[in-house]
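Me: I would like to learn how to read a structure of this kind step by step, beginning with a single residue and its surroundings and ending with the chain as a whole. Could we go through it together?

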Amino acid sequence: MLKDFKTNEVKVTEGLFRKRMDINIEYLKELDDTCLLQNYYFEAGIIIPGMMTLENPEKANLHWGWESPTCQLRGHFLGHYMSAAATIIANDGNAILDAKLRHIVSELRRCQELNGGKWAGPIPEKFFEVMTTDRYIWSPQYTIHKLLMGLLDTYKYTGNEEALLVLSGMADWFFDWTEDMKHRAPDTIFKGEQAGMLELWADAFAVTGDERYRTLAETYKGQGLFKLIKSGKDSLTDEHTNASIPIIQGAAKMYELTGDDEWRKIVEEFWKSAVTDRGMYATTGANAGEFWIPPMKMGEYRGDRGQEFCTVYNMVRVAQYLFKWTGDSRYSDYIEKCIYNGYLAQQNKDTGMPTYFLPMTTGSKKKWATKRNDFWCCQGTMIQAETRYPEMIYAADDEAGRLYVNQYIPSVLEGKVGDKKVKVVQTLNMKNYEVQTLFDEHGGCEKSRWKMLFEISFEDDTASKAFTISFRKPVWISDEPQVKVNDKDAASTDGAVSVSIEDGYINVTGINNNDSIEVFFPSEVRAERLPDMPYLAAFVDGPIVLAGLTGDIDVIEGNFDNPSEFMDSVTEHAYDIFIWLQNNYRTKRQNKNFKLIPLYDVKDEEYTLYFEEKK
């Protein structure tokens, strides 16, 4: 099993991903603690100053939407907030978020004590009793799972003992409730969208060794989905997408906890059903209106309610588990498509707010959440997602002395691979020159975002011939990759450095202290056709889905197997994240031409993803 690096061992530096992370951090700092806690206060009987009566509710300092005191899902967002803040604190020690999180935890403990010492939730305990009846109730276990997740992450990433104390009290409550349900209404344990509970309790046991958490994990392991998956049937079609994926994360955690191969088989069979046999849109989504699309029917189900963001995030987490077990590059290729066409594309580049669904029809528009009046499930998921880039970039095989580079994101890694302390600085190697540079010093410009430089150093200042660094060879690459060591082609190093390509990785062995490696991945625009309607295709540049900025054109004249027939690149000096405009194109020889840009750059414009081929 491969090793993940600790949260504080990888820092994302300059560029697109850093910018999106920073926008997210600013939003977390901006939110008011009292508003985040409002529903926990109400449930504990704490009166927020000035809120005994509301003469003008529109001006009340409260969170609304799904966080409204009238919503049955109220309070879910705080758990996401705690997890996101804890991850950021562990990564860069953010003092403001650290203070906010410590205050929030202490207030949760205060609420718990007022509720009798166990319950600390933002909803009434009786919501769980309602699940034993035929009355409708909106996902009580989903709501509480987010709180439990936030508490556990706070303890894991910041060492906050009070968070563990609150979690322990909640565990006692769940122990009592599940024991009661086992005798009165056993099926109730698996109601209320409880999908994340298995992973949560298994992880809590792994972190603390507390047997109560193991008992709770055992209680939640009897998921009906597991039996369906093991039967070999399609157990997903028309089922709620995001109610199923977290169940599989629980199976993955159980495999890591127990070593029982049955758990691993469940996860692998799920992946086969959800991805391999089902197919996906160019953006990776495979759901419409929150439900799994039937296998290879993407064209039939293409609409305005596609690719719920929560599903993108949770499928990435499943892919992370599978990569860690196998080292298979296809999972990292999948993650790359998700982060460009989900994490980035469904986050507003200016406000950080998410779009719940990703529309895929002609003349689509993204509907963005507001900062204080929506709080959809995807809003909570997004604030977590934008903290997770550091954990996706590198992995290690300590026994083999091998470092994996899985994502090409400017960053710094300082950690151990086997017994060697190593530092890797990954930067975009897009050369440019300052305005003041003399022309005779000008050596030309590099405009490709897919040329990366890696500077490698070892703590002991000695050669490390046994050390191997493995660069993922992207599945989208259009020609052979180029590798240079210390500005020389790897082939001209007289055998001092060996380079091999196998199993989706470019393996470089024989690196010395302070060596640099440059990798370049040629890319080109290609069409990704819908399996059931192959005359419809989206255009993808590397891993990046392109959006046509048009509200009324969905037919292109030309051979989609050769996009250069009808599409030219657009380049200009950008003065932005990249020195030169990246991944921009314009159609040609059409009745009416339009521009195509990365889907993640679309904000309020009308756009179209899929076009009909007219030869």
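Reply: Let us begin with one residue, keeping in mind that the model is predicted. Setting aside the neighbours within four places in sequence, Ile517 is in contact with Met452, Leu453, Phe454, Ile456, Ile469, Phe471, Val483, Lys484, Val485, Val508 and Ile511.

Me: Where does Ile517 lie in the secondary structure, and is Ile517 buried or exposed?
Reply: Ile517 belongs to strand 14, which covers residues 515-520, and because its relative accessible area is 0%, below the 20% cut-off, Ile517 counts as buried. One of its contacts, Ile456, is 61 residues away in sequence, yet the two C-alpha atoms are 8.0 Å apart in space.

Me: How should I read a residue in a helix, for instance Gln38?
Reply: The same questions apply to it, namely where it sits, how much of it is accessible and what it touches. Gln38 is found in helix 2, residues 33-44, and with a relative accessible area of 0% it is buried. Beyond the neighbours within four places in sequence, Gln38 is in contact with Ile48, Leu62, His63, Glu67 and Pro69.

Me: And what of Asp503: buried or exposed?
Reply: Asp503 counts as exposed because its relative accessibility is 69%, over the 50% cut-off. Its place is in the loop between strand 12 (498-502) and strand 13 (505-509), and from Asp172, which is 331 residues away in sequence, Asp503 is separated by 47 Å in space, C-alpha to C-alpha.

Me: How does one find empty space in a model?
Reply: Rolling a probe the size of a water molecule over the atoms shows where empty space is left. In this structure, a search of the whole finds five cavities of 30 Å³ or more, and the largest cavity holds about 100 Å³ of space.

Me: Which residues line the largest cavity?
Reply: Its lining comprises 14 residues, and those nearest its centre are Thr284, Gly285, Ala286, Met315 and Tyr334. Helix 12 (261-276) and helix 13 (309-326) each supply at least two residues of that lining, with helix 13 giving the largest share, three residues. By class, the lining of the largest cavity has eight nonpolar and six polar residues, but no charged ones.

Me: What is the volume of the largest pocket, and what lines it?
Reply: The largest pocket has a volume of about 1200 Å³, and of the 49 residues that line it, Lys156, Tyr157, Arg317, Arg388 and Glu391 are the closest to its centre. Helix 13 again gives the largest share, here nine residues, and the lining of the pocket divides into 21 nonpolar, 14 polar and 14 charged residues.

Me: How do I read the fold of the whole chain?
Reply: One counts the elements, then asks about overall dimensions and burial. The secondary structure comes to 16 helices and 22 strands. The radius of gyration is 25 Å, close to the 25 Å that the globule rule gives for 615 residues, so the chain is as compact as a globular protein of that length. Along its principal axes the C-alpha trace spans about 75 × 65 × 55 Å, and buried residues make up 58% of the 615. Of the contacts with a separation of 6 or more, 71% join residues 24 or more positions apart.

Me: Where should I be cautious?
Reply: Where pLDDT is low, the predicted coordinates should not be read in detail. The mean pLDDT of the chain is 94, with 96% of its residues reaching 70 or more; over residues 433-444, however, pLDDT stays under 50, and for that stretch the model has two contacts beyond four places in sequence.

Methods
Residues numbered from 1 in each chain as written. Predicted model: local features only at pLDDT ≥ 70, side-chain atom pairs only at ≥ 80, totals over all residues. Heavy atoms only, no water. 1 Å grid on protein atoms, 1.4 Å probe; cavity = no way out; pocket = protein on both sides within 12 Å on 5 of 7 lines; lining within 4 Å. Points joined across faces, edges and corners; volume = space filled by probe spheres on them. Helix = DSSP H or I, 4+ residues; strand = E, 2+ residues; numbered from the N terminus. Nonpolar A, V, L, I, M, F, W, Y, C, P; charged D, E, K, R; others polar. pLDDT = per-residue confidence, 0-100. Contact = heavy atoms within 4.5 Å. Rg over C-alpha atoms; globule rule 2.2 N^0.38 Å. Buried < 20%, exposed > 50% of the residue type's maximum accessible area, 1.4 Å probe, protein only.
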